[in-house]
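Student: Hi! I've got a new structure open and I'm not sure where to begin. Could you walk me through it?

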There are 2 protein chains.
Amino acid sequence: MIDNQKMSLYAAIESRRDVRAEFSGECVDDAVLQRILTAAHHAPSVGNTQPWDFVVVRSPETLGAFARHVEQQREAFADSLPSDRKDTFDPIRIEGIETSGTGVVVTYDPARGGEHILGRATVDDTGLFSAVLAIENLWLAAVTESIGVGWVSFYDEAYLTDLLDIPWPVRPIAWLCIGPVTEFQRTPDLERFGWRSRRDLSEAIHHEKFGRRD
Amino acid sequence: MIDNQKMSLYAAIESRRDVRAEFSGECVDDAVLQRILTAAHHAPSVGNTQPWDFVVVRSPETLGAFARHVEQQREAFADSLPSDRKDTFDPIRIEGIETSGTGVVVTYDPARGGEHILGRATVDDTGLFSAVLAIENLWLAAVTESIGVGWVSFYDEAYLTDLLDIPWPVRPIAWLCIGPVTEFQRTPDLERFGWRSRRDLSEAIHHEKFGRRD
């Protein structure tokens, strides 16, 4: 156990950022990546199905192709915005695909666990949710290791499925850029750039029924 | 900051359990619950939308009504199983709704953030994913506070929506039983009871393309 593994949970949650511009250009160490993926693999899952997989992508060709695809999606989104929002969006960086040097694509396999899945018969989405819980474990572990994570969602799912030969019915649910950083921002990018600020927690807490905030 | 807030992230991930039978019957302290919900509220979210809400349920009538509903769903699932799986399922406890004393229902509001959501234009599910990430933060914070969490998914979504007056288009995505525990199990219940065991991490890691495990 190295020292930075002792970072407290609350400190990790507080300092976690979605990293775009701060990747140093070095590659994450294999042993560190293994610890981060081990943390992801210890997530809770419905019926203990562990329906996640992790595709580690480092080929410059694949990273480059995905980066170009994402750039196109970025332009399409920018074009869809009214002009004031477009001005706010323009300087916001949305990916660090090539500079991070490592992409981890998290996938969800709805067939994992067979026909009778304890807890998914009523809420089918709990399968998908399980893979998302793994991502949060991964992200917090990365913070503890001083490694940045940036979740890229500007992509067409069919494109990514094809790019990585992901077989049906497995579904890619996230592209995570993972790598050493020069620094962690203290304020989330979307707050710094004026896109959207924090909601007060008191607005999010309700008592007994939705809407009762007293 | 109290001492147990210093629990390391890796320790929290390792010792996190899905609690059913070990709730002590005491109620979680309000200040502790506030810290746990603060951790949830610091989750990442697509476009910084923070689309989650938390309905704290302690009314014995509501807890009792939901527990009866869940019991019916449990029976329906048991009846759907082949006999060998039914025998394995029988002793597995699936909820601690009344014994935990507190339910936290996490909801997802797809309308939060308006029309132009940075990062959700391409993958709409990232909104839903954001609320799930908040649940993992909540769960790990609870472990750090020695508080148990049990995620109940044996319910009909329309029933729960109605029970808590959740307005359209907001969607309940989890009922979490939250309370002090007598102990944390070392082995997940579904492993202890022989329902399903852990998958090896090496099976979950692929290189460059899905399916390449060398």
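Tutor: Happy to! Let's begin with a term: two strands pair if DSSP finds at least two bridges between them. Keep in mind that this is a predicted model. With that term in hand, look at Val57(A): its bridge partner in S2(A) is Gly103(A).

Student: OK, and how many bridges join S1 to S2 in chain A?

Tutor: Six bridges join them, with strand S1 (residues 52–57) of chain A running antiparallel to strand S2 (residues 103–108) of chain A.

Student: What sheet do those strands belong to, and in what order do they come?

Tutor: They sit in an open sheet of five strands with the order S3(A)-S4(A)-S2(A)-S1(A)-S5(B), and the pairing is mixed. At the edges stand strand S3 (147–152) of chain A and strand S5 (205–207) of chain B; each has a single partner strand, so one side of each is left without a neighbour in the sheet. From one strand to the next, the twist averages 25 degrees.

Student: Cool. Which strands does H6(A) lie across?

Tutor: H6(A) lies across S1, S2, S3 and strand S4 (171–180) of chain A. Its direction is at about 155 degrees to S2(A).

Student: Now the other sheet. What is the strand order there?

Tutor: That open sheet of five strands reads S5(A)-S1(B)-S2(B)-S4(B)-S3(B), again with mixed pairing. Its edge strands are strand S5 (205–207) of chain A and strand S3 (147–152) of chain B, each of which pairs on one side only.

Student: So how does S5(A) join S1 of chain B, parallel or antiparallel?

Tutor: Parallel: three bridges join S5(A) to strand S1 (residues 52–57) of chain B. If you want a spot to click on, His207(A) stands opposite Val56(B) in S1(B).

Student: And what about the pairs inside chain B? Let's go along the sheet.

Tutor: Sure. S1(B) and S2(B) run antiparallel and are joined by six bridges; there, Phe54(B) stands opposite Val106(B). Then S2(B) pairs with S4(B), in the antiparallel sense over six bridges, and Val105(B) is opposite Trp175(B) in S4(B). Last, S3(B) is joined to strand S4 (residues 171–180) of chain B by six bridges, again running antiparallel. In that pair, Val149(B) has Ile178(B) as its bridge partner.

Student: Why is S2(B) largely enclosed by the rest of the structure?

Tutor: It helps to know that a residue counts as buried if 20 or more other C-beta atoms lie within 10 Å of its own. Six of the six residues of strand S2 (residues 103–108) of chain B are buried, so the strand is largely enclosed.

Student: Which residues are on each side of it?

Tutor: In a regular strand the side chains alternate between the two faces of the sheet. In S2(B), Gly103(B), Val105(B) and Thr107(B) are on one side, and Val104(B), Val106(B) and Tyr108(B) are on the other. Both faces are covered, as these residues are all buried.

Student: Switching to helices! At what angle do H2 and H6 of chain B pack?

Tutor: Helix H2 (residues 30–41) and helix H6 (residues 126–144) of chain B pack at about 145 degrees, and their axes are 7 Å apart. The crossing is right-handed. Residues of H2(B) that take part include Leu37(B) and Ala40(B), and those of H6(B) include Leu138(B) and Ala141(B). By class, this contact has nine nonpolar, two polar and one charged residues.

Student: What do H2 and H6 do in chain A?

Tutor: There, helix H2 (residues 30–41) of chain A and H6(A) pack at about 145 degrees with axes 7 Å apart, and their crossing is right-handed. Among the residues that meet are Ile36(A) from H2(A) and Ile135(A) from H6(A).

Student: What turn lays chain A on chain B?

Tutor: A turn of 180 degrees, with a shift of 0.0 Å along the axis, lays chain A on chain B with an RMSD of 0.0 Å. That is the relation of a two-fold axis.

Student: Last one: how many residues does each chain put into the contact?

Tutor: Chain A gives 79 residues and chain B gives 80 residues. On the side of chain A that touches chain B, helix H6 (residues 126–144) of chain A gives the most, with 10 residues. By class, that side has 40 nonpolar, 24 polar and 15 charged residues. Also, 100% of the interface residues of chain A are interface residues in chain B too, so the copies meet through the same surface.

How values were computed
Residues are numbered from 1 along each chain as its sequence is written. Chains are lettered from A and ligands numbered from 1 in the order in which they are written. This is a predicted model: local features need pLDDT of at least 70, side-chain atom pairs count only at pLDDT 80 or more; totals for chains, interfaces and linings use all residues. Helices (H or I, at least four residues) and strands (E, at least two) are DSSP runs, numbered from the N terminus. Axes are lines fitted to C-alpha atoms, for helices over the stretch in contact, and angles run from 0 to 180 degrees between N-to-C directions. A crossing is left-handed if the near helix is turned anticlockwise from the far one by less than a right angle, and right-handed if clockwise. Two residues are in contact if their C-beta atoms, placed from the backbone, lie within 7 Å. Ala, Val, Leu, Ile, Met, Phe, Trp, Tyr, Cys and Pro count as nonpolar, Asp, Glu, Lys and Arg as charged, and the others, Gly among them, as polar. A residue is buried if 20 or more other C-beta atoms lie within 10 Å of its own, exposed if 12 or fewer, and partly exposed in between; C-beta atoms are placed from the backbone. Copies are superposed by least squares on the C-alpha atoms of residues with pLDDT of at least 70 in both.
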